[in-house]
Amino acid sequence: MCCFSGHLLFLSSSWVVASFSAYHHHQGPPRGTPTAISPGTQGACTQVFLGLWVPQLLPEPHRGSPCQERDTLSKASRRVEWGLFLQTPGTGPQDSTTACPLVAARSFDLEKSDDMLRKQVKFRKQQDLHNILAWQPPEVVRLYNANGTCGHNNEGSPMRYHIIRGLDLKGLLLSISRQELLRAKSQSCGLSLRECASSGKVEKIIAVFDFEGLSQRHLWKPGVEFAQEFLTALEANYPEILRNIIVVRASKLFPVAFNLIKPYITEEMCRKVVIPGDDWKQELPESTSPDQLPVEFGGTMTDTDGNSKCLTKINYGGEVPRSYYLRNQVRVQYKHQVTVGRGSSLQVENEILFPGCVLRWQFTLDEVDIGFRVFLKTKMGERQRAGEMMEVLPSQWHWVCRCARLALLAYFSVLADVLRFDNTYSLMHAKRVSHTVEVLLPDKASEEKIQSLEATRQSPLQ
C-alpha cells in the first residue's frame with residue numbers, strides 16, 4: 001500500500017504540473033481530456049477528491065482485493081485530475097471554488113501544490129486518516145469539546161459552531177495527549193467533509209465562532225500553542241474547507257487572541273473572517289434560513305424538547321472535571337531561569353507602549369515557596385521600590401510545582417508593569433524560579449473593526 005501511495009502521489013503531482021503548464025500557455029487540457037465536464041462528472045470529481053481525505057467516501061470496490069484497490073484508486077486519481085478542468089479552457093482563470101482545492105489553496109502555484117501534496121500523504125499516514133471516521137474519541141472529548149454542526153446556509157454549506165466560553169483546552173490537554181486531541185480535530189474535519197459530500201453540491205463549510213466569555217484562561221500558552229499547531233495542520237491538509245469564518249460577540253480581548261493565531265493561517269483565510277455588529281442575530285438569517293439556525297443564534301431551530309441552544313447538535317463544553325486529569329501540568333519551556341537570593345527579591349519590568357495589550361506570565365519553582373506580586377510603576381524610566389508603586393495584584397504565595405498564569409488587559413496609553421518575586425522572608429534559602437513573561441499585542445485590523453462597531457453602538461446615545 002505504501003508503494004501505491006507513492007505511485008498515486010507521482011501520478012497526481014506530475015499530472016498537475018503538466019496540465020497547468022499547458023493550460024497557462026493556452027494549449028488546452030492534456031490529450032484525451034474533455035474540453036468541458038458535465039455537472040454530474042463535476043460531482044463525481046468532488047466526491048473522489050473528498051474520498052482521498054475521507055476514505056469511506058470512495059466507491060465500494062476500494063474495499064476489495066489489492067488489485068481492485070490499485071485499479072480503483074488509479075481511476076480515482078484520474079478523475080481528480082479531470083476535476084482540475086471544470087471550466088472550458090480559454091474562458092479565463094479557473095475559479096478556486098470549483099478547481100481542485102489542493103491547487104487552489106496555493107493560488108495555483110505548482111511547486112507549492114506539489115510540496116503540499118507530499119506533506120498530506122505523510123500526515124494521513126501519521127494520523128491514520130483512513131480509519132478516522134470509525135475512531136472513537138476519549139469520553140472527555142465527546143463531553144467537553146465545545147463545538148458541533150447544526151443546519152446549513154442557503155447554499156447548502158454545513159454550519160459548524162465553536163463555543164469559546166465552554167472551551168477548556170487546559171482541562172483537555174491535562175486529560176488526553178496532544179496527538180489524541182489533534183486527531184479528534186481531524187475527525188471533525190472528516191465529518192464535515194462527509195456532510196459536504198452527502199449533499200452532492202458543496203465542498204466548504206461555514207465556521208461560526210461565538211467568542212462570548214473569552215477571558216485570560218483562553219490565553220494559556222500551551223493551549224494557544226495547540227491551536228497554532230491545529231491551524232497549521234488544517235491549512236496544510238484540509239485546504240479550502242472553509243467558506244467563511246463568522247465571529248460573533250467579539251470582545252476587546254479578541255484582537256489579542258486573533259493576533260496569536262494569525263501567523264498560522266493564510267491571507268486568503270484571513271479575508272474570510274467576518275465580524276458582524278451587535279445586530280448579528282439579524283444578519284445571520286440573511287444568508288441562512290431561520291429554520292436552519294438555532295434560536296440562540298438568531299433563528300427558529302430548537303431541539304425536540306424546545307431547547308433554544310440545540311444541545312443535541314452543539315456541544316457547549318464546560319470546565320473539564322479533575323477526575324479526567326491524567327497529569328497535573330503540561331510541560332512548558334520557560335525563557336528564563338533565575339535564582340532569587342535569600343532575604344532578597346527580583347523585579348521583572350515590562351513596558352506596554354499602547355493600549356489593548358495583554359501581559360501574560362507563567363512561572364514554576366524548584367524550591368519550597370515564594371511570594372509574588374504585580375505593580376504598576378508611577379514613574380517611567382527609573383527603578384522604584386514596592387511601596388512607591390501601585391499594587392494591581394496583591395501578594396500571593398506559590399508553592400513548589402505550582403504554576404501561576406494570568407493575563408492583564410491594559411487600557412492605559414503608556415505604562416510599565418513590574419512582576420516581583422519576593423524571597424525577603426527567607427533568610428536561609430535561595431529560590432530558583434523559571435519564568436516566561438510576554439506582552440501580547442492586538443491585531444490592529446480586528447481591533448479597529450471592533451472599535452468602529454462600539455462607536456456605532458454608542459452613537460445613538462450621544
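**Two helices and a sheet**

Helix α8 passes helix α9 in a right-handed crossing. This is a predicted model, and that pair of helices is a handy place to start looking.

Two packed helices are described by the angle between their axes and the distance between the axes. Here, α8 spans residues 178–199 and α9 covers residues 221–237. Their axes come within 11 Å and cross at roughly 45°. That angle falls between the 35 degrees under which helices count as roughly parallel and the 65 degrees where roughly perpendicular begins, so α8 is oblique to α9.

Now zoom in on the side of α8 that touches its partner. Arg-178, Gln-179, Leu-181, Leu-182, Lys-185 and Cys-189 are the α8 residues in this contact. Across from them, α9 brings Pro-222, Glu-225, Phe-226, Glu-229, Phe-230, Ala-233 and Leu-234. Sort the residues of this contact by character and you get eight nonpolar, one polar and four charged.

Next, the sheet. Its five strands run in the order β1-β2-β3-β4-β5, the sheet is open, and the pairing is mixed. At the edges sit β1 (147–152) and β5 (273–274), each pairing on one side only. Helix α8 turns up again here: it packs on the sheet, touching β1, β2 (158–163) and β3 (205–210). Compare directions, and α8 makes about 155° with β2.

Over at the β5 edge, strand β4 (residues 242–248) pairs with β5 in the parallel sense, over two bridges. To find the spot by eye, look for Ile-245, which stands opposite Val-273 in β5.

Note on methods: Residues numbered from 1 in each chain as written. Predicted model: local features only at pLDDT ≥ 70, side-chain atom pairs only at ≥ 80, totals over all residues. Heavy atoms only, no water. Pairing = 2+ DSSP bridges. Helix = DSSP H or I, 4+ residues; strand = E, 2+ residues; numbered from the N terminus. Contact = heavy atoms within 4.5 Å. Axes fitted to C-alpha atoms, helices over the stretch in contact; angles between N-to-C directions. Parallel < 35°, antiparallel > 145°, perpendicular 65-115°, else oblique. Left-handed = near helix turned anticlockwise from the far one by under 90°. Nonpolar A, V, L, I, M, F, W, Y, C, P; charged D, E, K, R; others polar.
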